[in-house]
Amino acid sequence: MFLLKKIVSQLFMPVPLVIIFIVLSFVVIRNRKLAKSLLAMAGGILIILCSSMGSNTLLAPLEDKYPVNNEPIGKGCLVMVLGSGHDEADNHTAVQQLSNTALARLSEGIRQLSLGEDCKLVVSGWSGGTNKRAHADVMFDAAVELGVNPNSIIKFPLAKDTIEEAQYMQWEVVDAPFRLVTSASHMPRSMAIFEHAGLNVTAAPTDFAQRKTYWWYFDAKSLLSSQRAIHEYLGLLWFKLKRVI
C-alpha cells in the first residue's frame with residue numbers, strides 16, 4: 001500500500017502530468033481538436049505551476065496556517081523533527097548528506113531546543129529503500145555535529161511516513177506535550193495526523209517556500225514549490241479518505 005500510494009501520487013505531480021498529456025495528444029493525433037486541447041492543457045499547467053504567482057497561490061493556504069513558533073518551552077521538553085531524505089556519500093559529513101529540506105528542519109529543531117531546558121530531540125525516518133543507513137541515523141549524526149548532546153536524542157529509524165512517525169511518537173510519549181518541527185507546507189497534514197493520534201502537539205513550522213517576486217517570474221524553483229503544495233493536498237485528501245474508510 002505504501003509503494004502504491006507513492007506511485008499513484010507521482011502521476012499527479014507537475015512533470016509526469018504534463019508528460020502524460022503530451023503522450024496522450026500523440027495517441028489521439030488523428031483527432032486534431034482533442035490533441036490540441038491536450039497540448040494546450042499541458043502548456044497551461046506548466047506555465048501556471050512554473051510561475052511564482054501560481055506556486056505562492058498553492059502554498060499560501062498551507063504555509064499561512066501556522067506561524068513561526070518563538071514561545072519558550074518548559075523544562076524537560078521534547079522537540080520532534082520529521083525526516084526528509086538524504087544522499088549518502090562517504091566523503092561528506094552527515095550535515096552535508098542531508099537534503100535542503102531536512103537541514104532546514106533540523107536547524108529549526110535545534111533552535112527550538114534552545115527555547116527550553118533539558119530538552120530532548122526526536123529524529124525519524126527510514127532508509128527510503130535506496131540508502132544503506134536510515135535517515136534517522138544520519139539526522140542523529142548531523143545533530144551531534146551541530147552540537148546536540150547525543151544522550152539527548154531519540155531515534156525512530158523505522159518510520160516510513162508521517163502516520164508511522166505519529167504512531168512511534170504515541171508509543172514514546174503517550175500524552176506528554178511536545179513541539180513538532182516540519183516544513184510549513186507539510187505542517188497542516190502533520191498536525192492533522194498527530195492530533196488524530198491523540199498527541200499533545202504544538203506546531204513549529206520552518207522551510208517556508210513562498211517567495212516575494214514579480215508575478216510574471218517563471219523558474220524551476222516555482223515548479224518545485226508547486227509540486228510540494230500539490231503533494232500536500234494529495235496527502236491531506238488521502239488522509240481524509242483513509243479516516244472515512
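Two strands are said to pair if DSSP finds at least two bridges between them. This definition opens the report on the present structure, which is a predicted model.

## The paired strands

Strands β1 and β4 run parallel and are joined by three bridges. Methionine 80 stands opposite leucine 180, a residue of β4. On the other pairing, β4 (residues 178-183) meets β5 in the parallel sense, this time over six bridges. Two examples show how residues face each other here. Valine 181 stands opposite alanine 204 in β5, and threonine 182 has proline 205 of β5 as its bridge partner. Between these two strands the chain passes through helix α9 (residues 187-196), and the resulting β-α-β crossover from β4 to β5 is right-handed.

Are these strands covered or open? Strand β4 is mostly covered, with six of its six residues buried. In strand β5 (residues 201-206), five of the six residues are buried, so the strand is largely enclosed by the rest of the structure.

## The disulfide

A disulfide is a covalent bond between the sulfur atoms of two cysteines. The model contains one disulfide. Cysteine 77 and cysteine 119 form the link, and their sulfur atoms lie 1.7 Å apart. The angle about the S-S bond is 115 degrees, and the link of cysteine 77 and cysteine 119 is right-handed. Cysteine 77 belongs to the loop between α4 (52-63) and β1 (78-81), while cysteine 119 belongs to the loop between α6 (100-113) and β2 (120-124), so the pair ties together parts that are 42 residues apart in sequence.

A residue counts as buried if its relative accessible area is under 20%. Cysteine 77, at 7%, is therefore buried, and cysteine 119 is buried as well, at 11%. Cysteine 50 also counts as buried, with 15% relative accessibility.

## The second largest pocket

Rolling a probe the size of a water molecule over the atoms shows where empty space is left. The second largest pocket holds about 160 Å³ of space. Its lining includes Cys77, together with Ile73, Lys75, Phe178 and Arg179, among others. Among the remaining lining residues are Asn200 and Thr202. Sorted by character, the lining of this pocket has six nonpolar, four polar and two charged residues.

## Residues with a positive phi

Most residues other than glycine have a negative phi, and most peptide bonds are trans. Two residues of this model are listed below with a positive phi, although neither is a glycine.

| Residue | Phi | Relative accessible area |
|---|---|---|
| Valine 174 | near 60 degrees | 54%, exposed |
| Aspartate 207 | about 55 degrees | 17%, buried |

Where in the chain do valine 174 and aspartate 207 lie? Valine 174 is found in the loop between α8 (162-173) and β4. Aspartate 207 is found in the loop between β5 and α10 (220-244).

## A contact between distant parts of the chain

Glutamine 10 is found in helix α1 (residues 2-10). With a relative accessible area of 43%, glutamine 10 is partly exposed. Its C-alpha atom is separated by 8.5 Å from that of histidine 231, although glutamine 10 and histidine 231 are 221 residues apart along the chain.

Conventions. Residues numbered from 1 in each chain as written. Predicted model: local features only at pLDDT ≥ 70, side-chain atom pairs only at ≥ 80, totals over all residues. Heavy atoms only, no water. 1 Å grid on protein atoms, 1.4 Å probe; cavity = no way out; pocket = protein on both sides within 12 Å on 5 of 7 lines; lining within 4 Å. Points joined across faces, edges and corners; volume = space filled by probe spheres on them. Nonpolar A, V, L, I, M, F, W, Y, C, P; charged D, E, K, R; others polar. Disulfide = S-S within 2.5 Å. Helix = DSSP H or I, 4+ residues; strand = E, 2+ residues; numbered from the N terminus. Buried < 20%, exposed > 50% of the residue type's maximum accessible area, 1.4 Å probe, protein only. Right-handed = clockwise from strand over helix to strand, strands pointing away.
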